[in-house]
Amino acid sequence: MTVDHLAMASLTTTTAAAAAATSASRLLPSSSSSISRLSLSSSSSSSSLKCLRSSPLVSHLFLQQAQRGGLRHVTKTRFSTKCYASDPTQLKSAREDIKELLSTKFCHPIMVRLGWHDAGTYNKDIEEWPQRGGANGSLKFEVELKHGANAGLVNALKLLQPIKDKYSGVTYADLFQLASATAIEEAGGPKIPMKYGRVDVTGPEQCPEEGRLPDAGPPSPAQHLRDVFYRMGLNDKEIVALSGAHTLGRSRPERSGWGKPETKYTKDGPGAPGGQSWTAQWLKFDNSYFKDIKERKDAELLVLPTDAALFEDPSFKVYAEKYAADQEAFFKDYAEAHAKLSNGGAKFDPPEGFSLDGSPAGATPEKFVAAKYSSGKSELSDSMRQKIRAEYESFGGSPDKPLPTNYFLNIMIVVGVLAILSYLAGN
């Protein structure tokens with residue numbers, strides 16, 4: 001949805017109220033023609049009012065008046081505002097549906113794998129999107145699902161498709177990453193500092209070529225892991241931390257060529273029985289993967305060549321030993337690495353992404369210091385700029401405006417308008 005114009009007309013017939021409306025309109029970027037050119041079509045009014053309601057600077061000034069009928073004489077008024085690649089409200093609802101899906105289908109491992117394989121095609125040396133790969137929803141296309149490394153992921157897509165159909169305002173790219181992070185958290189893992197707003201590719205011709213994902217049994221496992229993950233901008237610590245997600249799930253020989261058809265840990269499920277797991281409790285996210293690989297006491301548990309490399313390569317071993325001994329350290333490093341993998345190569349709208357927790361993605365709440373935002377040569381922090389920019393864009397503003405000055409000017413205008421309206425109400 002693009003930003004057109006937001007204007008005000010005939011809010012009231014009194015001169016004072018008209019003056020208030022004129023002052024308030026200075027809050028909103030508009031052309032000279034927008035004052036007389038309002039159109040509220042039935043097809044756009046609902047989403048427009050919804051987007052307007054999210055802006056605290058305009059909600060009380062305009063929405064209550066519109067809902068009481070203040071705009072009843074305006075027959076053609078079009079409100080429009082910038083909407084993100086995914087609708088935040090729908091994403092939150094989709095997250096709850098995913099939790100329900102996980103609790104009934106026990107599909108945590110394949111959801112993690114789906115998110116990883118959509119994101120794991122990223123190549124940091126390619127600048128153009130979507131050629132660089134990354135989490136862009138390309139796994140929804142059959143041509144990529146048929147890649148050898150993606151065997152079986154069509155089942156994950158089938159599980160998520162009803163949720164995608166229910167929440168059409170959510171992109172596949174965001175849905176895959178939401179499902180992956182939620183699966184980790186619901187299995188007892190750490191809270192992932194996720195951000196959303198990923199843009200989807202539009203056609204199968206935009207899918208990456210086959211061969212970008214890691215192989216389980218390459219000739220030189222440690223070097224292979226570095227070749228693949230370094231290409232994505234990840235380091236040795238992040239490679240080992242991400243490998244720890246194998247604490248979830250099973251390897252099925254009919255899909256990957258690795259593992260036993262079944263073990264004492266998998267023969268009865270939950271979910272579809274069979275396969276060989278890396279850990280005994282393969283639906284619980286903890287650090288047992290590192291402990292089991294280090295000890296190798298249970299022949300029923302899977303150890304791939306790339307798993308063994310974590311304790312054979314000197315650099316990898318430092319982190320593998322650490323995580324085997326310290327689950328808290330593993331959780332911390334894993335959460336950061338998961339988020340980094342999920343974001344690599346993705347195209348976000350808004351560019352900084354957004355969090356489902358209501359704060360700027362990846363940011364911690366910033367303590368307000370008045371002198372920092374008053375005057376002089378002090379610069380606004382990035383997180384504060386993002387907050388102000390999001391406020392402007394929510395009703396058509398430009399992110400290139402001098403944000404600090406306009407931000408406080410808008411506050412002054414709102415206070416002035418409220419004072420005038422309060423005076424009129426008192427009389």
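This report walks through a predicted model of one protein chain, from its overall make-up to a few side-chain pairs and a surface patch.

**The chain as a whole**

Let's start with the broad picture. The chain has 427 residues, and 49% of them are buried. Its secondary structure consists of 17 helices and 2 strands. If you look at contacts between residues at least 6 apart in sequence, 72% of them join residues at least 24 apart. The accessible surface of the chain comes to about 20600 Å², with 53% of that belonging to carbon and sulfur atoms.

**How far to trust the model**

The mean pLDDT of the chain is 79, and 69% of the residues reach 70 or more. Two stretches call for care. Over residues 1–81, pLDDT stays under 50, and the model has 122 contacts beyond four places in sequence for this stretch. Residues 362–378 also have pLDDT under 50 throughout, with 13 such contacts beyond four places in sequence. Where pLDDT is low, predicted coordinates should not be read in detail.

**Helix α9 and its cover**

Now for a closer look at one helix. Helix α9 spans residues 221–231, and 8 of its 11 residues are buried, which leaves the helix mostly covered. The buried residues are P221, A222, H224, L225, R226, V228, F229 and R231. Which helices help to cover them? The cover includes α10, α13 and α14, the last of these running over residues 314–325. Just after α9, G233 takes a positive phi of about 85°.

**Salt bridges**

A search of the whole structure finds 16 salt bridges. Three of them are set out here.

| Pair | Closest N to O distance | Burial or exposure |
|---|---|---|
| R198 and D174 | 2.9 Å | both buried |
| R226 and D236 | 3.1 Å | both buried |
| R296 and E312 | 3.9 Å | R296 partly exposed, E312 exposed |

The side chains of R198 and D174 meet in a salt bridge. Why does this pair tie together separate parts of the chain? R198 lies in the loop between α8 (172–186) and α9, while D174 is in helix α8, so the pair joins parts that are 24 residues apart in sequence.

The second bridge takes us back to α9, where R226 pairs with D236. This pair links distant parts of the chain, with R226 in helix α9 and D236 in helix α10 (residues 236–243), 10 residues apart. Both R226 and D236 are buried.

In the third bridge, R296 meets E312. R296 sits in the loop between α12 (288–295) and α13 (305–312), and E312 belongs to helix α13, so the pair ties together parts 16 residues apart in sequence. R296 has a relative accessibility of 48% and counts as partly exposed, because only values over 50% count as exposed. E312 has a relative accessible area of 58%, so E312 is exposed. Elsewhere, salt bridges that share partners join R226, D236 and D313 into one network.

**A nonpolar patch**

Our last stop is on the surface. L418, I420, L421, Y423 and L424 form a nonpolar patch there, with about 430 Å² of accessible area together. One of these residues, L421, lies in helix α17, which covers residues 403–426. Is L421 buried, partly exposed or exposed? With a relative accessible area of 36%, L421 is partly exposed.

Conventions: Residues are numbered from 1 along each chain as its sequence is written. This is a predicted model: local features need pLDDT of at least 70, side-chain atom pairs count only at pLDDT 80 or more; totals for chains, interfaces and linings use all residues. Side-chain values use heavy atoms; hydrogens and water are left out. Patches are made of residues with over 30% relative accessible area and no salt bridge: like charges are joined within 9 Å, nonpolar side chains (Val, Leu, Ile, Met, Phe, Trp, Tyr) within 5 Å. Accessible areas come from the Shrake-Rupley method with a 1.4 Å probe; for residues, only the protein chains shown count as cover. A salt bridge is a side-chain nitrogen of Lys or Arg within 4 Å of a carboxyl oxygen of Asp or Glu. Helices (H or I, at least four residues) and strands (E, at least two) are DSSP runs, numbered from the N terminus. Buried means under 20% relative accessible area, exposed over 50%, partly exposed in between (1.4 Å probe, protein chains only). pLDDT is the predictor's confidence in each residue, from 0 to 100. Contact means heavy atoms within 4.5 Å.
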